[in-house]
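Please look over the sequence and the model below before reading on. The paragraphs that follow go through the ligand surroundings and then a few single residues.

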Amino acid sequence: MKTVDSFNFSGKKALIRVDFNVPLNKSFEITDDTRLKAVLPTVSKVLKDGGSAILMSHLGRPKGGPEEKYSLKHILPYLNKMFGQEVLFAADCIGEDAKAKAAALKPGQVLLLENLRFYPEEEKGDVEFAKKLSVLGDVWVNDAFGTAHRAHASTAVIGQFFKDKVCGYVMQAELDNANKLLKQGEKPITAVMGGSKISDKIMVIENLLDTVDNLIIGGGMSYTFTKALGGKIGKSINEPDKLELALSLIEKAKAKNVKLYLPLDNVVADDFSNDANKQTVKTGEIPDGWEGLDIGPETVKLFSEVVANSKTVLWNGPMGVFEFANFATGTIAIAKAVKEATQKGAFSLIGGGDSAAAINNLGFGNDVSYVSTGGGALLEYFEGKTLPGVAALEK
Ligand SMILES: Nc1ncnc2c1ncn2[C@@H]1O[C@H](COP(=O)(O)OP(=O)(O)O)[C@@H](O)[C@H]1O
Ligand SMILES: O=C(OP(=O)(O)O)[C@H](O)COP(=O)(O)O
C-alpha cells in the first residue's frame, strides 16, 4: 500500500475520503470532534507538499436525498478553525458546483464536498457515481477507517479509477494499532466487552478467544450469560435466543484456556431511568421487576484488578447504562483501570463509539495508548474480516 509519507502530493489534487460522521446536538454543535481532529495530519502533509485537498464524507444516514440536518456545512466553521484557513464548500459532491470548485482549487487550499449519502448511489457502490467523484482529484486517499467496513462508492469502488491510491495516516494508525493487539500483544492480554447486545459482538468475541488470556464480559450483554447459567435477571436486557450461544462461548473459552470473567454483583433499578430506586444484588439474584443497569462494587474491584495486571487491554462497550450518571460508576471505574494499566506500561486500545466517548468525556483520551475512530469497522477487523476500504487500497 502507498502511504502518505511515501507519496509526494506536490501539484496534485488529493481526493480524500474521510469519516466526518460526527455526533451533532440539536443546535448542530459537534459533541465529539475526535474524527475531525484525526485527519489533520494527512491533510497537513498534502498541503505541505504543495498539493490541495478535496474532502469527501458522509454524515448520518439520510434517506437517499438531501436533508438539512445531515448537511456537512454544519461542520465548516469547525474546519475553518481547525485548519486555520478558509475551507471552501461545494453544495453538492458531484455536478457542476463540485467540478468547478475542484478545478479552480489551488495548492494549499481545502475543499469540502456535501454529504455523499445525499445520493443513494453512494451506499449502493454505484460505479458511475464513483467515476463522477473520481474526476475531481488526481490521487485518491482513503483515511476513513470508521467507514472502511462499507463497500460504498467513495470508500472502495472509486479505487479502480486511480493509479495512485494512498492509505491515509488515520487508516494506517488504526490498522497498526489493531494489529499490535492481535498479532504482537504482550501477555497477559485482556479484552473487556460490554454494551447492550451479544449478537453484535459474538463474532469478535469468538475470534478474540484465540488471542486473549482474559475475557471480561460486563454491561447489558452479561445478563444473557447469567440467564443461560440459570440465574435470575429480573427484567434486565437480554437476548433469549442467544442462551445456547452464550453457553457455547463459555465452553469455548474453557477449551482455549481463556479466563472468562462475568459480573459478581449488579446495581439494579426498578425503572429504566437515572432517578430510579436502586440497590446492589449478587449476580443471578435480581428480583422480579428490577433490572441491572450497572456492575456492582465487587465486580468493579475484580474487573479493575484483572485490567490493572494486564500488559495489553482492549476495551469495547460500556459496563452499564453510563448515559445515566447514577449508573455510570462501573464504566468510569473501568476507564480508570485502563488508564492505570497504561501508566504501568500496558498497551491499551479503546474501540466503539460509546467506550471512546466515555474515555474522552472523562478526559482520559491521552492516557490510553489509542482511541479508535471506528466502531463497526474495528469490530469487523477483529472478527477477522477483510475491510473493503482497505482491500481497495491494496488492489
Ligand atoms: N445493563 C444495561 N441495560 C441496558 N442497556 C445497557 C446496559 N449496559 C449497557 N447498555 C447500553 O449499551 C449501549 C452501548 O452499547 P454498544 O453500542 O454495544 O457499545 P459501543 O458503542 O461502545 O460498542 C449504551 O447505550 C448503554 O446504555
Ligand atoms: O459512525 C460510523 O460507524 P460506527 O457507528 O460503527 O462507528 C461510520 O461513520 C459508518 O457509518 P454507518 O454505520 O452509517 O455506515
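Which ligand has an oxygen atom 2.6 Å from a polar side-chain atom of R150? The answer is ligand 2, and this holds for a predicted model. A second side chain that approaches ligand 2 is that of H58, where an N or O atom is 3.0 Å from an oxygen atom of the ligand. The backbone takes part as well: an N or O atom of the G375 main chain lies 3.2 Å from an oxygen atom of ligand 2. On its own, ligand 2 exposes 390 Å², and the protein buries 80% of that area.

The residues surrounding ligand 2 are D19, N21, R35, H58, R61, R117, G146, T147, R150, G375 and G376. By class, this shell holds six polar and five charged residues and no nonpolar ones. R150 is counted as charged because Arg belongs to that class, while Gly is counted as polar.

Turn now to ligand 1. Around this ligand there are 19 residues, and those that come nearest are K201, G220, G292, E323 and D354. For two of these, a backbone contact can be given. A polar backbone atom of G220 is 3.0 Å from a nitrogen atom of ligand 1, and a polar backbone atom of G292 is 2.9 Å from a nitrogen atom of the ligand. The protein covers 83% of the 580 Å² of accessible area that ligand 1 has when taken alone. S196 also offers a backbone N or O atom, which lies 3.2 Å from an oxygen atom of ligand 1.

Which elements supply at least two residues each to the shell around ligand 1? Strand β15, residues 291-295, and helix α13, residues 353-361, both do so. Helix α13 gives the most, with three residues. The shell around ligand 1 is made up of five nonpolar, eleven polar and three charged residues.

A record can be set beside this picture. In an unreviewed UniProt entry, the annotation "binding site" covers K201, G292, E323, G352, G353, D354 and S355. Among the residues in that annotation, K201, G292, E323 and D354 are also in the group that comes nearest to ligand 1.

Two of the annotated residues can be placed in the fold. E323 is in the loop between strand β16 (312-316) and helix α12 (329-343). Is E323 buried or exposed? Its relative accessibility is 56%, so E323 counts as exposed. G353 sits in helix α13, and with a relative accessible area of 55% G353 is exposed too. These accessibility values take only the protein chains as cover.

Two further residues show the opposite case. S222 is in helix α9, which spans residues 222-228. Its relative accessible area is 1%, so S222 is buried. Apart from neighbours within four places in sequence, S222 is in contact with I217 and P263.

F162 lies in the loop between β6 (139-142) and β7 (165-167). Why does F162 count as buried? The reason is its relative accessibility of 7%, which is under the 20% limit for that label. Leaving out residues up to four places away in sequence, F162 touches L15, S134, G137, D138, V139 and W140. For one of these, S134, a spacing is available: S134 and F162 are 28 residues apart along the chain, yet their C-alpha atoms are separated by 7.6 Å.

Notes. Residues are numbered from 1 along each chain as its sequence is written. Chains are lettered from A and ligands numbered from 1 in the order in which they are written. This is a predicted model: local features need pLDDT of at least 70, side-chain atom pairs count only at pLDDT 80 or more; totals for chains, interfaces and linings use all residues. Side-chain values use heavy atoms; hydrogens and water are left out. A residue is near a molecule or strand if one of its heavy atoms lies within 4 Å of it. A polar contact is a pair of N or O atoms within 3.5 Å; within protein, one must be able to donate a hydrogen and the other to accept it, and residues adjacent in sequence count only if both atoms are side-chain atoms. Accessible areas come from the Shrake-Rupley method with a 1.4 Å probe; for residues, only the protein chains shown count as cover. Helices (H or I, at least four residues) and strands (E, at least two) are DSSP runs, numbered from the N terminus. UniProt positions are given in the numbering used here, feature names are shortened, and annotations may be inferred rather than shown by experiment. Buried means under 20% relative accessible area, exposed over 50%, partly exposed in between (1.4 Å probe, protein chains only). Contact means heavy atoms within 4.5 Å.
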